[in-house]
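Student: Could you walk me through this structure, starting with how far the prediction can be trusted?

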Number of protein chains: 2
Amino acid sequence: MNFEDYFPIWDKLTTEQQNMLTSAATLRTVPKGTVLHNGSENCTGLLLICSGQLRAYILSEEGREITLYRLFEMDICLFSASCIMNSIQFDICIEAEKDSEFWLIPADVYKKIMENSAAAANYTNEIMAARFSEVMWLIEQIMWKSVDKRLASFLLEESALEGTGSLKLTHETIANHLGTAREVITRMLHYFQREGIVKLARGTIEITDAKKLTRLLDT
Amino acid sequence: MNFEDYFPIWDKLTTEQQNMLTSAATLRTVPKGTVLHNGSENCTGLLLICSGQLRAYILSEEGREITLYRLFEMDICLFSASCIMNSIQFDICIEAEKDSEFWLIPADVYKKIMENSAAAANYTNEIMAARFSEVMWLIEQIMWKSVDKRLASFLLEESALEGTGSLKLTHETIANHLGTAREVITRMLHYFQREGIVKLARGTIEITDAKKLTRLLDT
């Protein structure tokens, strides 16, 4: 449970920067359901996840939610420390979806390191680009939600036809059925898996939450 | 029209880095309507805008578009050089919305500078965070589009009531009418202005495209 084993660019930092991090970072444990960061609050700090699962989401004035992405072991949550950059002009909420353990890195310490280390700044760029990519994918889903709906109804149909929730289907076959690319189906199935809707194994797609799958059709 | 006058962190680069940039960057002029970058194409390079206006958008398989954001003089277009970061896993299109002049910076040159300069990497972080913020705002609009619709119908109503397209209204007044914050209205009005729907002046909102405003109600 050493900090340096979890922090990806540890070796690219100076000894001084390493010491700054280890002396400032604190290990925290939170139970499932804990809201770790609330959009409107102050700069919580970066979260470097040791175990568990976090969910990043936004909240409307009326209390509606959208999940933006999830964070797992070894991921870093950047936007809980939005004060490290002036141009981050949006607020997100972070919740522990499972019992979670993480290192909390104070925003000012990270900012100072980033200002002086090209490695840390570039690493931060990559984190942000990864999250940006997830959000762009979400936008496409929201705007052109044909694929997820079409995949959902296809899976339900097949399941009804075969009389089983465990479907022997390749991604290629489904893609051909839906007139789309295999990659699109693979990506969507992995999304379904992260959402707990299906479980993927070699050559098999097991529907684990048919209710949630059906609900996709109504959205 | 010197490159160094347009490149924001010029003074923070080494002479060698400055020379790399000036010898690699080329000044380009394109007429309105030119597609400068097409999602599926290769890494076009960074665009540093001298004059004109660019539009970043995504395109569905069916050819539907969504405008993500616009870029103006002194802005840098980063995602036309998505190959500078591994984690940029999405494609956007860039189009010149007006006759435009810009410096084209080859992606490999910028990447090399960014790898060695914390200043350049942090600057890139800020650019990305700014675009991310615009996209997050867009998501909120898409998901919870109450405000734009409500503002649109409010403006149309007022215009019909007053018998003029030039409305004497403060943002505060409108916010009160719609039960939202003044900042929300100001932001939305600026968005309307960028879309060519209204023109803002001190104490006045002029509807310049009533058709487009009406169309907002149908979406």
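**Confidence and symmetry**

Tutor: In chain A the mean pLDDT (the predictor's confidence in each residue, from 0 to 100) is 89, and 94% of the residues of chain A reach 70 or more. This is a predicted model, in which local features need pLDDT of at least 70, side-chain atom pairs count only at pLDDT 80 or more, and totals for chains, interfaces and linings use all residues. Residues are numbered from 1 along each chain as its sequence is written, while chains are lettered from A and ligands numbered from 1 in the order in which they are written.

Student: Which elements of chain A have the lowest and the highest mean pLDDT?

Tutor: With helices (H or I, at least four residues) and strands (E, at least two) taken as DSSP runs numbered from the N terminus, the lowest mean in chain A is 79, for helix α6 (residues 171–178), and the highest is 97, for strand β1 (residues 26–30).

Student: And what are the ipTM and pTM?

Tutor: The model scores 0.71 for ipTM and 0.72 for pTM.

Student: How can chain B be laid on chain A?

Tutor: By least squares on the C-alpha atoms of residues with pLDDT of at least 70 in both copies, a turn of 180 degrees with a shift of 0.1 Å along the axis lays chain B on chain A with an RMSD of 0.2 Å. That is the relation of a two-fold axis, and in chain B the C-alpha nearest the axis belongs to Ala118(B), 1.8 Å from it.

Student: Switching topic, how do β10(B) and β11(B) pair?

Tutor: Strands β10 (residues 198–201) and β11 (residues 204–207) of chain B pair in the antiparallel sense over 4 bridges, where pairing requires that DSSP finds at least two bridges between the strands. Ala201(B) stands opposite Thr204(B) in β11(B), and in this hairpin, with 2 residues between the strands, Gly203(B) has a positive phi near 75 degrees.
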